[in-house]
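Trainee: I have this one open for the first time, and I'd like to go through its charged side chains with you. Could you walk me through them?
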Amino acid sequence: MIRLLLAEDQGMMRSALALLLNLEPDLEVVAEAGTGTAALAAALRVRPDVALLDIEMPDGSGLDTAAALRRRLPSCRVLILTTFGRPGYLRRAMEAGARGFLVKDGPVEELAVAVRRVLAGERVIDPALAAAALAAGPNPLTDREREVLVAAVDGATVADVAARLHLSESTVRNYLSAAIGKTGTRNRIEAARTARANGWL
């Protein structure tokens, strides 16, 4: 049996997926989690063969969890399963050590096949998303520019962001200006929106 961890923050979706996957003769969902932290703890406890991780979860994203699993449980293969088919997410997932990346609107049979392929050492990537990621190119933002954009997204002032990130206000303005320039937008709100739409944040 292939032992699976399923991490998805929507309880109904998680239960439905677990039910469908358990119908496969060689798959067994041995743990479920609704947050990134819970997913990591469950993985370290039950040591699954494959972890199916949603990206946008509270208390640690699927990307954060994938990176932590690569460090702490390298035997576990990671397959990202998400509603958000954004090119930047795909790139970040691969950098975090994920072996597969699928969007949720596919049939469960495809997911089961993907699980088996990932466990066999293959990479499994949604073809349309792979093409979009190649067309979009790499994330133009540095880690610090991303961090400043995320901190500024909720309407925080430059002074608030500077205090939160322990930077000077002029440094924050420079990072915001660079992010606006790289995203080809007019202000930090548009820059954050564009970066989020591309999966760069």
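Mentor: Let us begin with E32, which forms a salt bridge with R14, the closest N and O atoms being 3.5 Å apart. Please keep in mind that this is a predicted model.

Trainee: Which parts of the chain does that pair tie together?
Mentor: E32 lies in strand β2, residues 27–33, while R14 lies in helix α1, residues 11–22, so the pair ties together parts that are 18 residues apart in sequence.

Trainee: And R14, is that buried or exposed?
Mentor: R14 is buried, with a relative accessible area of 18%, because buried means under 20%. Its partner E32, at 42% relative accessibility, counts as partly exposed.

Trainee: Okay, different spot: what does R117 pair with?
Mentor: R117 forms a salt bridge with E122, and here the closest N and O atoms are 2.9 Å apart. As for accessibility, R117 is partly exposed at 34%, and E122 likewise counts as partly exposed, with a value of 34%.

Trainee: What about R186, where does its side chain go?
Mentor: The side chain of R186 meets that of E190 in a salt bridge, with 2.5 Å from N to O. R186 is exposed, having a relative accessible area of 71%, whereas E190 counts as buried at 17%.

Trainee: Which residues are linked in a network?
Mentor: E8, D54 and K104 are linked in a network of salt bridges.

Trainee: And how many salt bridges does the count come to?
Mentor: The count comes to 11 salt bridges, among them the pair of E32 and R14 that we began with.

Notes:
Residues are numbered from 1 along each chain as its sequence is written. This is a predicted model: local features need pLDDT of at least 70, side-chain atom pairs count only at pLDDT 80 or more; totals for chains, interfaces and linings use all residues. Side-chain values use heavy atoms; hydrogens and water are left out. A salt bridge is a side-chain nitrogen of Lys or Arg within 4 Å of a carboxyl oxygen of Asp or Glu. Helices (H or I, at least four residues) and strands (E, at least two) are DSSP runs, numbered from the N terminus. Buried means under 20% relative accessible area, exposed over 50%, partly exposed in between (1.4 Å probe, protein chains only).
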